[in-house]
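Student: Got a minute to go through this model with me? I'd like to start with the cysteines and then move on to the ligand.

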Amino acid sequence: MATGDNPSTPADRLDDVRTVMERAAKKAGRSLSDVTLIAISKTHGAEAIQPVIAAGQRVFGENRVQEAQEKWPALKAETPDIELHLVGQLQSNKADDAVALFDAIHSVDRPSLVKALAKAFAKTDRRPALYVQVNIGAEEQKGGCAIEVLPTLLASARDKGLEITGLMCIPPNGLEPAPYFALLAKLAAENGVQKLSMGMSSDYETAIMCGATHVRVGTALFGARG
Ligand SMILES: *Cc1c(COP(=O)(O)O)cnc(C)c1O
């Protein structure tokens, strides 16, 4: 394990993150193979991403469709088994583009987007995994559907033939995240949803102990965003 705040190489940082993940999984009596690390590469260019791919990472996440369209086709051409996740808000008019490029979409949060995704699916055989983002802290400024409307949103997705794989959340800044992660896990269990996308650089260890199946880690892997 590298020492100090700034481990020297992307491979070191990847090792460090995997070590933390393993420790959390062990503490929770879970298997590390049940937790997927999504390397969040938003704002970072190909020159920063390539060494992380070279170190063995295959699952990446971006928060903007257009930025991902500019970066990833070339990177995927070099490494075809890349899996790409969209973790940022999605405008309905970008649904076709998102379905074409991403293998998972973590930000389904409203009926109009469910409708747009159903339309996009009708035009293609591609079927990215879909996650409903829940506004877990009921914050006015934050994306995600309100907890109260989650069952209705899930029902409308199922009505349109969209399978919802998981739930995603971003807990409120500066508060202890564990209760929010536990609440998301409870909502998933109550609603028959399998996967849990929760945990970022500051709290992925806690998220894994609360049941996360996908952690979204940017800064701890790539360093601070400029
Ligand atoms: C940027 C981002 C992350 C990664 O955040 P870090 O704190 O850099 O690990 C995770 N999830 C979402 C939705 C993001 O936008």
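**Cysteines and ligand**

Tutor: Cys169 is buried, with a relative accessible area of 0%; buried means under 20% (1.4 Å probe, protein chains only). This is a predicted model, where local features need pLDDT of at least 70, side-chain atom pairs count only at pLDDT 80 or more, and totals for chains, interfaces and linings use all residues. Residues are numbered from 1 along each chain as its sequence is written, and side-chain values use heavy atoms, leaving out hydrogens and water.

Student: OK, how many disulfides does the structure hold?

Tutor: Zero, taking a disulfide as a pair of cysteine sulfur atoms within 2.5 Å. For Cys169, the nearest cysteine sulfur is that of Cys210, 9.6 Å away.

Student: And why is there no bond for Cys145?

Tutor: Because its closest cysteine sulfur, in Cys169, is 11 Å away, too far for a bond. Cys145 is buried as well, with a relative accessible area of 3%.

Student: Switching to the ligand: which side chains have a polar atom by a ligand oxygen atom?

Tutor: Ser201 has a polar side-chain atom 2.5 Å from a ligand oxygen, and Thr219 has one at 2.6 Å from a ligand oxygen. Both are polar contacts (a pair of N or O atoms within 3.5 Å). Gly218 uses a backbone N or O atom, 2.8 Å from an oxygen of the ligand.

Student: What classes of residue make up the shell around the ligand?

Tutor: Six nonpolar, three polar and three charged residues. Among those surrounding the ligand are Ile40, Lys42, Met168 and Arg216.

Technical notes: Near = heavy atom within 4 Å. Polar contact = N/O pair within 3.5 Å; in protein donor to acceptor, adjacent residues only side chain to side chain. Nonpolar A, V, L, I, M, F, W, Y, C, P; charged D, E, K, R; others polar. Buried < 20%, exposed > 50% of the residue type's maximum accessible area, 1.4 Å probe, protein only.
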